[in-house]
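Colleague: I am new to this structure and would be grateful for a close look at a single part of it. Please begin with that part and then set it in its wider surroundings.

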Amino acid sequence: MRYSNIEIGTANFGTLIESKDIKGNGLSIEPNKELQDLLKDREGWTKVNAAVGYDGVAKLYRVPLDKIPSDKKWIGGCSSINEPHYNKEVRGLAEPIDVT
């Protein structure tokens, strides 16, 4: 299948799949299943739960939704592969999970 739009690392805010300005079909790729599950389905779009550019199993350091401060939603979009995030605020909240 050919896609008009591809977004890698969607998080759950400001995404192409939720934009009314984006036309055509698309592919939304997000390694954090917790964030991906918050995205609404859209006709012609495929959501893939995967980490891009890594072969095998990796550790995804991400901040669980229940630990994200209400005044700092941007933290939910911060994650890193195989080592803790460089941002000290994020690093203090992040927990690792296995992703493929």
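**N82 and its surroundings**

Modeller: N82 is partly exposed, with a relative accessible area of 38%. This value, like those that follow, is computed from a predicted model. N82 belongs to the loop that joins strand 5 (79-81) to helix 2 (88-91). Its backbone deserves attention as well: the phi angle of N82 is near 70°, which is a positive value in a residue other than glycine.

A second residue invites a parallel reading. A11 likewise has a positive phi, near 55°, and is not a glycine. A11 sits in the loop between strand 1 (5-8) and strand 2 (26-29). With a relative accessible area of 8%, A11 is buried, since the limit for that class is under 20%. N82, at 38%, is partly exposed because its value falls between that limit and the 50% above which a residue counts as exposed.

From N82 one may pass to a residue in contact with it. A58 touches N82, and also I81, I97, D98 and V99, when residues up to four places away in sequence are not counted. A58 is placed in strand 4, a strand that covers residues 58-62. A58 has a relative accessibility of 1% and therefore counts as buried. Another distance places A58 with respect to the beginning of the chain: A58 and N5 are 53 residues apart in sequence, and their C-alpha atoms are 26 Å apart in space.

The loop between strand 3 and strand 4 contains D55. D55 has a relative accessibility of 77% and so counts as exposed. Between the C-alpha atoms of D55 and N12 there is a separation of 24 Å, and the two residues are 43 positions apart along the chain.

Strand 3 itself spans residues 45-48 and includes V48. V48 is partly exposed, at 29% relative accessible area. Setting aside residues up to four places away in sequence, V48 touches L27, S28, I29, E30 and Q36. V48 and I8 are 40 residues apart in sequence, with 9.5 Å between their C-alpha atoms.

Q36 also serves as a reference point for the end of the chain. T100 and Q36 are 64 residues apart in sequence and 15 Å apart in space, C-alpha to C-alpha. T100 is found in the segment after strand 6 (95-99). At 56% relative accessibility, T100 counts as exposed. Residues that T100 touches, leaving out those up to four places away in sequence, are A50, A51, G56 and V57.

The interior may be considered next. In soluble globular proteins, nonpolar side chains tend to be buried together. Here the largest nonpolar core has 7 residues: Y61, V63, I68, I75, C78, V90 and A94. V63 offers a view of this core through its contacts. Apart from neighbours within four places in sequence, V63 is in contact with I68, I75, C78, V90 and A94, and also with E34 and L93.

These parts can now be set in the whole. The protein has 2 helices and 6 strands. Read from the N terminus, its elements follow the order β-β-α-β-β-β-α-β. The radius of gyration of the protein is 14 Å, close to the 13 Å that the globule rule gives for 100 residues, so the protein is as compact as a globular protein of that length. Along the principal axes, the C-alpha trace spans about 40 × 35 × 20 Å.

Three further values describe burial, contacts and surface. Of the 100 residues, 35% count as buried. Among contacts with a separation of 6 or more, 38% are between residues 24 or more positions apart. The accessible surface comes to about 6,400 Å², and carbon and sulfur atoms account for 49% of that surface.

As for charge, the protein has 14 positive and 15 negative charges, and the mean positions of the two sets are 3 Å apart.

To return to the starting point, N82 is a partly exposed loop residue with a positive phi, and it is touched by the buried residue A58.

Note on methods. Residues numbered from 1 in each chain as written. Predicted model: local features only at pLDDT ≥ 70, side-chain atom pairs only at ≥ 80, totals over all residues. Heavy atoms only, no water. Helix = DSSP H or I, 4+ residues; strand = E, 2+ residues; numbered from the N terminus. Buried < 20%, exposed > 50% of the residue type's maximum accessible area, 1.4 Å probe, protein only. Contact = heavy atoms within 4.5 Å. Core = buried A, V, L, I, M, F, W, Y, C linked by side-chain atoms within 4.5 Å. Rg over C-alpha atoms; globule rule 2.2 N^0.38 Å. Areas by Shrake-Rupley, 256 points an atom, 1.4 Å probe, with all protein chains shown as cover. Lys, Arg positive; Asp, Glu negative; His and termini not counted. Charge placed at Lys NZ, Arg CZ, Asp CG, Glu CD.
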